[in-house]
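Here is a short note for someone opening this structure for the first time. The points below start with the nonpolar interior and then move outward through the strands and helices.

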Amino acid sequence: MKRNANLNALKPSYLFPEVNMKRKQFQETHPEAQVISLGIGDTTEPLDPFIAEALAKAASELSTLAGYSGYGPEQGIKPLREAVAEKLYHGMIEADDVFISDGAKCDIGRLQVLFGKEISIAVQDPAYPVYVDGSLLQGVKKIDYLPCNPENDFFPELSEKSDLIYFCSPNNPTGAVATRQQLEKLVAFALKNRSIIIYDSAYASYIQDKNLPKSIYEIEGAKKVAIEISSFSKLAGFTGVRLGWTIVPKELLYEDATSIRADWNRITCTIFNGASNIAQKGALSVLQKEGLEAIQKTISFYLENAAIIKSALEQKGFEVYGGLNAPYLWVRTQDLSWNAFQKFLEKYHIVTTPGSGFGPSGEHFLRFTAFGKRSNILEAAKRLKN
Ligand code: MLT
């Protein structure tokens, strides 16, 4: 059996397991160190009882003849598709254009199946590694890295045409949030060049500034050029529960005017069997008034974490970006990213994520996550300040 040659294009290990391995190595030689992880962005706060009870009730219903359900619709249960369209998009999109999934990362992988390997893609640089790795796995060869840095306000220069443009706002890893004007520029570029934007809005709920757009569909014309991927992970603490969604508007067409949505539906029915019925019932409770209030409290809590770390780093003289309408801080370092990572680990016993792991323009930066228990965040801030 020969190895799938596309796998050769990948680095041997995905970024976060590599970070974990370095942490483990350090902990083995320093067993006394109380290491704090501000590396992977994983939620730490418990679910609100209102949401947990909805999940428990959904599980319990499965034990009754009347309440049992097996396979559900591959696209997700209708009330949840409707609730997403109404509560999160305020009617901007139609419920039957919402496809519920088991998470944004999984849908990014399946999107590559939709577009195949004979395409060119553009990614913000730095970027969430799955856009590039997922494309490489499909055999995509033409990848354009668009530098995003403090000098260009983290908005790339758009000049070369690409078939797909991956764009994430609020951005993982930089914490930058695109303004309305910037998104208008992006949509206009895609319309002119007949590109498709894959818009990742997994962190949209962290946008507190009312002037900043939470969805690409707030921009006129976007339905003709954009697919939006999003998630309940950071919205509602569902990183372990697993649930996300993708929006493929009916207006989005191939060059021969046939429907992209129809193909996405075909792929969804073919290599996905619908999201967990329990998780979907839990998500329904998230989108009720009580659930929405509960998640806003948790989001504010994580944003306070971001402010605490930002202030500690700034007091130490670091140049810090993000963290205002996003749960990530992006910090410039003199050292190369992996060296800076090692220094923070050895000096402060704090795990970060090296910026270069997100792409060449991430070199000389570290990413700090604001997801964490308050005691750990305060302790990390104390160590940084001292
Ligand atoms: C991150 O740390 O970048 C995210 O938690 C990873 C993910 O969402 O898959």
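1. This is a predicted model. Its largest nonpolar core holds 43 residues. Leu80, Val84, Ile197, Ile216, Phe232, Leu243 and Trp245 have the most contacts inside that core. At least two residues of the core come from each of these elements: helices H4 (78–88), H7 (180–193), H8 (233–236) and H10 (277–286), and strands S2, S5 (164–168), S6 (196–200) and S8. Helix H7 gives the largest share, 5 residues. In general, nonpolar side chains of soluble globular proteins tend to be buried together.

2. Phe232 is a useful residue to start from when looking at this core. Leaving aside residues up to four places away in sequence, Phe232 touches Leu80, Val84, Gly237, Phe238, Leu243, Gly244, Trp245, Ala283, Val286 and Leu287. There is also a second, separate core, with 33 residues, including Phe154, Ala312, Leu329 and Phe368.

3. Strand S8 (residues 244–247) is covered on both faces. Gly244 and Thr246 are buried on one side, and Trp245 and Ile247 are buried on the other. Trp245 is also among the residues with the most contacts in the largest core.

4. Which strands pair with S8? Strand S2 (residues 98–101) does so in the antiparallel sense, over 4 bridges, and Val98 has Ile247 of S8 as its bridge partner. Strand S7 (residues 226–231) also runs antiparallel to S8 and is joined to S8 by 4 bridges. Here Ser231 stands opposite Gly244.

5. Elsewhere, 4 strands make an open antiparallel sheet, in the order S9-S10-S13-S12. Strands S9 (320–322) and S12 (353–354) are at the edges, each pairing on one side only. Strand S10 (residues 328–332) and strand S13 (residues 365–369) are antiparallel and joined by 5 bridges. Within that pair, Val331 is matched with Leu366 of S13.

6. Helix H12 (residues 337–348) lies across S12 and S13. The angle between H12 and S13 is about 50°.

7. Does helix H11 belong in the same tour? What span does H11 (residues 289–315) reach from its first C-alpha to its last? The 27 residues of H11 reach 39 Å, close to the 39 Å expected at 1.5 Å a residue. Just after H11, Gly317 has a positive phi of about 90°.

Conventions. Residues are numbered from 1 along each chain as its sequence is written. This is a predicted model: local features need pLDDT of at least 70, side-chain atom pairs count only at pLDDT 80 or more; totals for chains, interfaces and linings use all residues. Side-chain values use heavy atoms; hydrogens and water are left out. The expected span of a helix is 1.5 Å times one less than its number of residues. Buried means under 20% relative accessible area, exposed over 50%, partly exposed in between (1.4 Å probe, protein chains only). Two strands pair if DSSP finds at least two bridges between them. A nonpolar core is a set of buried Ala, Val, Leu, Ile, Met, Phe, Trp, Tyr and Cys residues joined through side-chain atoms within 4.5 Å. Contact means heavy atoms within 4.5 Å. Axes are lines fitted to C-alpha atoms, for helices over the stretch in contact, and angles run from 0 to 180 degrees between N-to-C directions.
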